[in-house]
Amino acid sequence: MKLIDYFPDKSISIKDNAKDWQQAVDYSMAALLEKGYVTYRYIDEIKKSTLENGPYYILAPLVAMPHARPECGAIKTGLSLTLLKNVVTFGDDKEPVKLLIGLSAADSDEHIGAIQALSEIFCEESQIEALLNATTERQLMDIIAHG
């Protein structure tokens, strides 16, 4: 399965900014919630876990992958991508984040293909830069589709 296949319709978006990390998480999960990939409980669990454990899902500078355990309300495996035009900070260390990749993993094995496909893009600094500097949702989709 190609990376782009993990993204349901309208799950790649650009937002001007988020007032706080909680709103950024909401943005990153909105399409997955709307398309029936996750429940409200799943999103609440991400926030609760972030408050308890910090933003454990920050992958690289400016990049986060909010997710929770499958049993917390993940229904189908899928991804979303939200680019913020302005950074939002996460955790006590005020980690800046601009790119959020929402992950819904229906079980602990099923998401491995999505993570492997995603890791190919994140192995290349130029791909990360291209995502962070994109100005349209079409550009983001093209990077994901051809990355």
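**Strands 4 and 5.** I began with Ser80 and looked for its partner across the sheet, and I found that Ser80 stands opposite Gly102 in strand 5. The model I am reading is a predicted one, and I keep that in mind for each entry below. Following the pairing along, I noted that strand 4 and strand 5 run antiparallel and are joined by 9 bridges. I then looked at how the chain passes from one strand to the other: the two form a hairpin with 4 residues between them, and in that turn Gly91 has a positive phi of about 75°.

**Strand 1 against strand 4.** I next asked in which sense strand 1 pairs with strand 4, parallel or antiparallel. The pairing is parallel and extends over 4 bridges, and within it I located Ile14, which stands opposite Leu83 in strand 4.

**Ser11.** Moving back along the chain, I looked up Ser11, which lies in the segment before strand 1 (12-15). Is this serine buried or exposed? Its relative accessibility is 3%, and buried means under 20%, so I enter Ser11 as buried. I also checked where its side chain goes, and it reaches the backbone oxygen of Pro8 at 2.6 Å. Leaving aside residues up to four places away in sequence, I listed what Ser11 touches, namely Ala31, Leu79, Ser80 and Leu81; Ser80 is the residue I had already placed opposite Gly102.

**Helix 3.** For helix 3, which covers residues 112-122, I wrote down Ala114, Ala117, Leu118 and Ile121 as buried. Looking down the axis of helix 3, I see that its buried residues fall within an arc of 95°, so they line one face of the helix. I then asked what covers these buried residues, and the cover includes strand 4 (78-90) and strand 5 (95-104), together with helix 4 (125-133) and helix 5 (137-146).

**Helix 5.** Since helix 5 is part of that cover, I examined it in turn and found that its buried residues are Leu140, Ile143 and Ile144. These residues of helix 5 also fall within an arc of 95° when seen down the axis, so they line one face of the helix. Which exposed residues does the face turned away from the buried side carry? There I found Arg138 and His146. The buried residues of helix 5 pack against strand 1 and strand 4, and also against helix 3 and helix 4.

Notes:
Residues are numbered from 1 along each chain as its sequence is written. This is a predicted model: local features need pLDDT of at least 70, side-chain atom pairs count only at pLDDT 80 or more; totals for chains, interfaces and linings use all residues. Side-chain values use heavy atoms; hydrogens and water are left out. Buried means under 20% relative accessible area, exposed over 50%, partly exposed in between (1.4 Å probe, protein chains only). The arc is that of the directions from the helix axis to the C-beta atoms. Contact means heavy atoms within 4.5 Å. A polar contact is a pair of N or O atoms within 3.5 Å; within protein, one must be able to donate a hydrogen and the other to accept it, and residues adjacent in sequence count only if both atoms are side-chain atoms. Two strands pair if DSSP finds at least two bridges between them.
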